[in-house]
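Visitor: I am new to this structure and would like to be led through it step by step. Could we begin with the word that describes how far a residue is covered?

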Amino acid sequence: MDDESFRQWNQARQARWRQSLLASRVQVDHALPPQAEGRLRRVVGLALEAEGCEAPIGARCMVDGSEGSVETEVVGFNNGRLFLMPTDTMHGVLPNARVRPFTTRAGSPVGDRLIGRVIDANGDPLDDQGPLLTTERASSRRAPINPMQRQPITAPLDVGVRSINALLSVGRGQRMGLFAGSGVGKSTLLGMMTRYTSADIVVVGLIGERGREVKEFVDYTLGTEGRERAVIVAAPADAPPLNRLRGARLATTIAEHFRDKGKHVLLLMDSLTRYAQAQREIALAIGEPPATRGYPPSVFAMLPALVERAGNGLEGQGSITAFYTVLTEGDDYRGDPVADAARAILDGHIVLSRDLAEAGHYPAIDIEASISRVMPQIVDAGQMALARRFRQIYASYQQQRDLIAVGAYQKGSDPRTDEAIALWPRLVTFLQQDTEQPVHLDEARNSLQTLLAGLG
């Protein structure tokens, strides 16, 4: 090799060294700090306590066990110990087991490939349609929208239910509560709204409900027509409380993704009560003191944080119209702390009555106890007057119902009651609806006008 060839070879070698050193320096500069592993020191109920490692709230940790690793999430810390909650069963977990924090978090799956699919709280498919094949990810925790930059609620939303469209009109971007006990037609009403609401995408979160109801809701209540534009997130009652929280957040994250793309989304969360109960289990397990009927203060901080993520987006974005079901113990929603908190943060509520359901009156909506707070700003004065007149006539009959039932009411005693008795069969018929026959917005308004035509 002559001198010139050696010089060129040496320059090329030095250039490769410099490039290699530069690449190594970049890797060092961007390298994540080493994660210290810890040891499992205590397990009490649902909570695990780890010592010797550090991780932020919300980070994931793997706990080694005799039957494989158990995934957990950091939910608190105290005196150098981390409080962890498992995302699965804790079978095989041993004392002093190794605890390994995760360095990254991939985010939640989102995107069009989720439409028509049923997934769990971790974004894994529950149906038999193969992997999701989506590369889009989004964080389940995002900054709230500036309330001054949200688009106002100005347009009504057609939900396909006559009594709601006419008397409890819902606006696009509104957040409504559906207050009901067990077995009064809550799932059936949700299925009707899923199939008939004029929305681009429907996201259903089945949180803490019976596992049997998941398949029944998908196959029968939702049906093939409803599933074609729906994403279903299921975290049934036997799922750990952490997964029930994740399921509600994942459903909201998916709805936010489509809203940011300019879509009008219908979000159905069944139920907000199970979400609150999951947080109660976690908070009590790590030692947070109970406050109202066993619910710790963190529950009432997390409810508005979840609900406020729904609603209209920024200018140019879409909307999320949300219905959150609230389970009422003993059919008394007035004394339930979760129901009280939900009424305060939602834009209205629809109450389902067990008495109506037992009488075969479906949907079993208690018109007197239900309200839509945005109805005055999305309908004209004529419809508001008709809806108010309907309520007055309905209330007049209910006030004298017992006297009418036993024949003690004398006709002519009260003109309003006489009018209510004459119209009562038509009022009841108006409020009832077959689940397979949608009644759209204009049709509901015209029916209400026809019903009350000529009344003073």
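Guide: Buried means under 20% relative accessible area, exposed means over 50%, and partly exposed lies in between. Please keep in mind that this is a predicted model.

Visitor: Is Glu 256 buried or exposed?

Guide: Glu 256 is found in helix 5. The cut-off for a buried residue is under 20% relative accessible area, and Glu 256 has a relative accessible area of 2%, so Glu 256 counts as buried.

Visitor: Which residues is Glu 256 in contact with, leaving aside its neighbours within four places in sequence?

Guide: Contact here asks for heavy atoms within 4.5 Å. With the neighbours within four places in sequence left aside, the residues in contact with Glu 256 are Arg 142, Arg 309 and Ile 320.

Visitor: Stepping back to the chain, how many helices and strands does its secondary structure come to?

Guide: The chain has 456 residues, of which 50% count as buried, and its C-alpha trace spans about 120 × 55 × 40 Å along the principal axes. Its secondary structure comes to 14 helices and 19 strands.

Visitor: How far apart do the C-alpha centres of domain 1 and domain 3 lie?

Guide: The domain assignment of the chain gives domain 1 as 38-102, domain 2 as 108-378 and domain 3 as 383-454. Between the C-alpha centres of domain 1 and domain 3 the distance is 59 Å.

Visitor: Among contacts between residues at least 6 apart in sequence, what percentage joins residues at least 24 apart?

Guide: The contacts considered are those in the chain between residues at least 6 apart in sequence. Of these contacts, the share that joins residues at least 24 apart is 72%.

Visitor: Where do the buried residues of helix 7 fall, seen down the axis of the helix?

Guide: In helix 7, which covers residues 297-307, the buried residues are Ser 298, Val 299, Met 302, Leu 303, Leu 306 and Val 307. Seen down the axis of helix 7, these residues fall within an arc of 150 degrees, and therefore they line one face of the helix.

Visitor: Which elements do the buried residues of helix 7 pack against?

Guide: Both strands and helices are found among the partners of these buried residues, including strand 12 (175-180) and strand 17 (319-327). The full list is strand 12, helix 5 (241-260), helix 6 (272-285), strand 17 and helix 8 (337-345).

Visitor: Which residue does a cis peptide bond join to Asp 270?

Guide: The bond in question has an omega of about 15 degrees, and the residue joined to Asp 270 has its place in the loop between strand 15 (264-270) and helix 6. That residue is Ser 271.

Visitor: What is omega near for the peptide bond from Tyr 362 to Pro 363?

Guide: Pro 363 sits in the loop between helix 9 (354-358) and strand 19 (371-372). The peptide bond that leads to Pro 363 from Tyr 362 is cis, and its omega is near -5 degrees.

Visitor: Is Asn 79 buried or exposed?

Guide: Asn 79 lies in the loop between strand 4 (70-78) and strand 5 (81-86), and its phi is near 50 degrees, a positive value in a residue other than glycine. A residue is exposed when its relative accessible area is over 50%, and since the value for Asn 79 is 72%, Asn 79 counts as exposed.

Visitor: What is the relative accessible area of Asn 96?

Guide: Asn 96, in the loop between strand 5 and strand 6 (98-101), has a positive phi near 65 degrees. Asn 96 is partly exposed, and its relative accessible area is 42%.

Key: Residues are numbered from 1 along each chain as its sequence is written. This is a predicted model: local features need pLDDT of at least 70, side-chain atom pairs count only at pLDDT 80 or more; totals for chains, interfaces and linings use all residues. Side-chain values use heavy atoms; hydrogens and water are left out. Helices (H or I, at least four residues) and strands (E, at least two) are DSSP runs, numbered from the N terminus. Buried means under 20% relative accessible area, exposed over 50%, partly exposed in between (1.4 Å probe, protein chains only). Domain bounds come from an automatic or database domain assignment. The arc is that of the directions from the helix axis to the C-beta atoms.
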